[in-house]
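Hi everyone, thanks for making time. I'd like to walk you through a structure that's new to most of you, so let's get it up on the screen.

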Amino acid sequence: MRCLYARFATDLAARLWMQRGRLALWLPVAMAGGNAAYFTLSCEPGMGWVMFLAMVALLGAGLVRWRGDLLRVRLGAGLSCAAVCGFLAAWVAAHHAAPFPDLPHRATHMRGQIIAVEDVAAPDGGTRRRVDLAHVRLLDGIDIGMPPMRRMIRLRLRDGDMQTLSPGMWITVRALLRPPMPPDLPGGYDAQRRAWFAGIGGSARALDVAVMTAGTAGAWSVWLGRVRARIAQRVMDVLPDQRGAMAVTLLTGGSGGLSARTRADFADSGLAHLLAVAGLHIGIVMGLGIAVVRFVLALSERASLWWPCRQVAAVAGLVLGCGYVLLTGAHLPAQRGLVMAAVATLAILTGRRVLSLRSLALAMGGMLLLEPGEMLELPMQMSAAAVMALGAGFEVCAVPLRLLRDGEYAWQRMIGRVGHLSLASLLAGLACLPVGMAHFADVGAWFVLANLIAVPLAALWIMPCAMGALVLMPVGLDSLALVPMGWGNAVVIWLAHHVAAWPGAHVGVPQMPMWGLGLYFAGLCWLCLWTRPTWRICGVMPIAIAMMTPWMVRAPDVIIPAQGRMLAVVDGPRLLVGPKGHVDSFVLRDWVRVLDRRAVIVDDDMTTPDGRLTCQAGMCVLARGGHRIMMRLRDGTAAASCAGMDGVVILSGALRAVGQGACTDVTPVDYLTLWRSGAQALYLTSHHGVVVRSDRQVRGARPWVMGPGQHGTPNLPMAQAE
């Protein structure tokens, strides 16, 4: 046995040595694993565990520096150190953030400084103005004289309030505030976690016309906000429709002017990435800058002969890319693309290979350390999957594509260029497909065709016109570039609208669970990061299993949101929702998307064809698997007995309001349960009876999980001793 183990260890070390050029790529994968391990905990680790992990990281770093011959020891130490660093980075970011403020549950006056202004699409097809406020002070009651909030408040102004707003101004308004809301379904999207790491303290809805006062644009971000607002206003003056809204998105990063239909068409056609400033846009902008600088330098004989024109142009392109990222808001996908662009520029300056998976590894490692909370969000996951698939795919297909592009005949070169674009769309689309299943619960079939037309148009027409408009805007001649840009935008919008209407463009599926998405990324990393075909093929199995996980998860039988005004019963392909008149459309859309069911609003008196659900006078009984749940939907419902019931759901009142009958042996869900534990999901099983899964059980006791009743920390000054 010892001999077999020694032979296996020797063979493994030899194979790893052959892959030594790829081992560094696994460090950000290990960091992501440590990051994910932190977010899957049910409670915060104690300081003792944190110190222990810090010592493990130091020990692992020491072993990596060890110059011994045991490659597997150094590899294990490096991966362990990276995983611990990812875990600790998430812990530090979570505890460094300010606590959620305890917002009043009544209308109150508040004052804050505008740091961003955006027109967002309204459900009715119009637009609403939203402003982000910093340094917010509440002006009523016990909040008078308290220090400003340490978190930002997002305020939605009244529909008729269209005053001229600009970052830096101060605003006073009477508004209704509410904290970030918990998930509507246990295991659903956690908006509180997103708000915790984004520095958002809550949202507000203005009740009267806001009062503006002038402010100073001292902060750099405020000055940039004003520049974006002026650019957006100028673009909309020239292109006052969806063409202009798309232009504003590409030039400033603000997508509020896009209608709900345009957003849906771009998402269904696979062109949504064109509306999110990321690596594609930065690459186009830098490419334009490099081409222009190289052309200008080529006009000088001295510069052409004596200057390093290629390196000078690369640095100029990077500077232009940095300016574009700042102008568009420096969102995470743009930051990731800029880091990769900086690595590529450094490779040009040092004579190294420009495009490689090492650039992606370096960018992702930096993002995981600086923004660990973004690992669970859509932009970083989309970026990582797409770029990893592109890098590995073009490594495999580099030789045949080069032979076609350098072919003797014109048709060969044409096939090579078209094949390059088609392969890029296919690789990026397929890699992002499971990510879309996990976040949007849908898949599309025509993304390759749509991108084959839209991406070249954006690279060769739309973005050059956009850069020309920015250059001409100071002298008032930007319409010379904006009008042609609008023509290109119109073509892309037309393409998105028609492709989205084709059969199969939008196919709903059950939402992929997070553990399925993690399994997919594990398989994708294994498939892309190794070079041996026999090793790579092993990554197909976890990817195939991950694609089936949406159908492996059992849907709950009964769902109750944290607000407790409604509930839903899963009945095959239908989602029976009630009571009528109390259905929250936002919650219902979320349930329909996640569960891939058709919503049906039920009456107070109804019976399903199979007889398993019967409702009479607002009192429903669900019978499945030999067990029964009684559900009271409205106030004033006649009292009923708990006898023979395995569970009781009370949407109004407490359990004792049900009436006569022994209710001590049933599983209760009433307003106190929802107040303490959030949304509830009930499963009727033949062996265990009624199993209740609450939002608090899923998320645990974490810094971003607000206490019972969604109360935060009072905004009070510290005591002298504190």
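Let's start with how far to trust what you're looking at. This is a predicted model, and in the protein chain the confidence is lowest in helix α1, residues 2-18, with a mean of 64. At the other end, helix α21, residues 540-548, has the highest confidence, at 92. The protein chain as a whole averages a pLDDT of 82, and 89% of the residues score at least 70.

Okay, helices. Take helix α9, which covers residues 279-298. How far apart should its ends be? With 20 residues at 1.5 Å a residue, α9 should span 28 Å, and its end C-alpha atoms are indeed 28 Å apart, so the two agree. Several α9 residues are buried, among them His281, Ile282, Ile284 and Val285. Further along α9, Met286, Gly289 and Leu297 are buried too.

We can play the same game with helix α13, residues 357-370. Its 14 residues should span 20 Å at 1.5 Å a residue, and the end C-alpha atoms sit 20 Å apart, which agrees. Which residues of α13 are buried? They are Leu357, Ser359, Leu360, Ala361, Ala363, Met364, Gly365, Met367 and Leu368. Keep in mind that an α-helix has 3.6 residues a turn, so residues three or four places apart point the same way.

Now a pair of helices. Two packed helices are described by the angle between their axes and the distance between the axes. Here, helix α16 (residues 410-439) packs against helix α17 (residues 447-472) at about 125 degrees, and the axes are 9 Å apart. That angle makes α16 and α17 oblique to each other. Their crossing is right-handed.

On to the sheets. Strands of a sheet pair through backbone hydrogen bonds, either parallel or antiparallel. One open sheet here has six strands in the order β13-β14-β15-β16-β17-β18, and its pairing is mixed. At the edges you find β13 (606-607) and β18 (667-669), each with a single partner strand, so one side of each has no neighbour in the sheet.

Let's zoom in on β16, residues 627-632. Why call it largely enclosed by the rest of the structure? Because five of its six residues are buried. On one side, β16 runs antiparallel to strand β15 (residues 619-624), joined by six bridges. Within that pairing, Met619 stands opposite Arg632 of β16, and Val621 has Met630 as its bridge partner. β15 and β16 make a hairpin with two residues between them, and Gly625 in the turn has a positive phi of about 60 degrees. β16 also pairs with strand β17 (residues 647-650), this time in the parallel sense, over four bridges. There, Met631 stands opposite Val649 in β17.

There's another open sheet of six strands, in the order β12-β11-β10-β9-β19-β20, and again the pairing is mixed. Its edge strands are β12 and β20 (689-694), each with a single partner, so each has one side without a neighbour in the sheet. From one strand to the next, the twist averages 25 degrees. Inside this sheet, strand β10 (residues 567-571) and β11 pair in the antiparallel sense over five bridges, and Val569 has Leu576 of β11 as its bridge partner.

Last stop: a few local details worth clicking on. Gly578 and Pro579 are joined by a cis peptide bond, with omega at about 0 degrees. Pro579 is in the loop between β11 (574-578) and α22 (585-595).

Then, which residues other than glycine have a positive phi? One of them is His135, with phi near 55 degrees. His135 is in strand β2, residues 127-138, and at 44% relative accessibility it counts as partly exposed. Asp596 is another, also with phi near 55 degrees. Asp596 is in the loop between α22 and β12 (598-601), and with a relative accessible area of 34% it is partly exposed.

And finally Leu157, in the loop between β3 (152-156) and β4 (170-178). Is Leu157 buried or exposed? Leu157 is buried, at a relative accessible area of 2%. Its C-alpha atom is 9.1 Å from that of Val173, and the two residues are 16 residues apart along the chain.

That's my tour; happy to go back to any of these spots on the screen.

Definitions and conventions. Residues numbered from 1 in each chain as written. Predicted model: local features only at pLDDT ≥ 70, side-chain atom pairs only at ≥ 80, totals over all residues. Heavy atoms only, no water. pLDDT = per-residue confidence, 0-100. Expected span 1.5 Å × (residues − 1). Buried < 20%, exposed > 50% of the residue type's maximum accessible area, 1.4 Å probe, protein only. Pairing = 2+ DSSP bridges. Axes fitted to C-alpha atoms, helices over the stretch in contact; angles between N-to-C directions. Parallel < 35°, antiparallel > 145°, perpendicular 65-115°, else oblique. Left-handed = near helix turned anticlockwise from the far one by under 90°.
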